[in-house]
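Me: Please take a close look at one turn in this model. Then work outward from there, so that I can place the turn in the whole chain.

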Amino acid sequence: MPEELLDLVVVATMKCPKCVPTMELVWDTRDLPYTYKGETTLISAVTGDFCPGCEEAVLDMAESARVSAAMLDFNKQVNASIVDHGLRHTLVRQV
Ligand SMILES: [Zn+2]
């Protein structure tokens, strides 16, 4: 099932698409762990509907935009640090 359809199912039922029909979502504010290329960060104080059965979270438009922006920022940081490592490696080889 495409991601957009899964979101619609969640909105219609307020139940987790992975745990339906056993899990009711819980409105909560949490720190959301996010991993990119092996590096992990915490996106702080994310408010939305969380599934008690798995890691699934359903966020409203504003909150999901904020979380996406935080993830993109983190991706940039990770990519920048990978470029750093690459440069250092090149310098070492030149010496
Ligand atoms: Zn779930």
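Reply: Lys37 sits in the loop between β1 and β2. Strands here are DSSP runs of E with at least two residues, helices are runs of H or I with at least four, and both are numbered from the N terminus. The model is predicted, so local features need pLDDT of at least 70 and side-chain atom pairs count only at pLDDT 80 or more, while totals for chains, interfaces and linings use all residues. Residue numbers start from 1 along each chain, as its sequence is written.

The backbone at Lys37 stands out. Its phi is positive, about 50 degrees, although Lys37 is not a glycine. Lys37 is also exposed, because 10 other C-beta atoms lie within 10 Å. The cut-offs run as follows: 20 or more other C-beta atoms within 10 Å of a residue's own make it buried, 12 or fewer make it exposed, and anything in between is partly exposed, with C-beta atoms placed from the backbone.

Now the arms of the turn. β1 and β2 form a hairpin, with two residues between them. Strand β1 covers residues 26-36. It pairs with β2 in the antiparallel sense, over 10 bridges. Pairing requires that DSSP finds at least two bridges between the two strands. Tyr36 has Glu39, in β2, as its bridge partner. Elsewhere in this pairing, Asp28 stands opposite Gly48 in β2.

β2 holds another positive phi. Ala45 lies in this strand. Its phi is near 50 degrees, again in a residue other than glycine. Ala45 counts as exposed, because it has 11 C-beta neighbours inside 10 Å.

Follow β2 onward and a further hairpin appears. β2 and β3 form it with six residues between them. Their pairing is antiparallel too, over two bridges. Phe50 has Ala57, in β3, as its bridge partner.

Together the three strands make an open sheet in the order β1-β2-β3, with antiparallel pairing. β1 and β3 are the edge strands, since each pairs on one side only.

What packs together in this chain? The largest nonpolar core has seven residues: Cys16, Leu25, Val46, Phe50, Cys51, Ala57 and Val58. Two strands, β2 (39-50) and β3 (57-58), each supply at least two residues of this core. Such a core is a set of buried Ala, Val, Leu, Ile, Met, Phe, Trp, Tyr and Cys residues joined through C-beta atoms within 7 Å. In soluble globular proteins, nonpolar side chains tend to be buried together. Phe50 therefore has two roles here: it belongs to the core, and it bridges to Ala57.

Step beyond the sheet to helix α2, residues 61-94, which contains Arg66. Arg66 is partly exposed, because 15 other C-beta atoms lie within 10 Å. Its C-alpha atom is 9.5 Å from that of Ile43, and the two residues are 23 apart along the chain.

Last, the whole chain. It has two helices and three strands. In sequence order they follow the pattern α-β-β-β-α. Buried residues make up 9% of the 95 residues. Among contacts with a separation of 6 or more, residues 24 or more positions apart account for 42%. A contact means that two C-beta atoms, placed from the backbone, lie within 7 Å.
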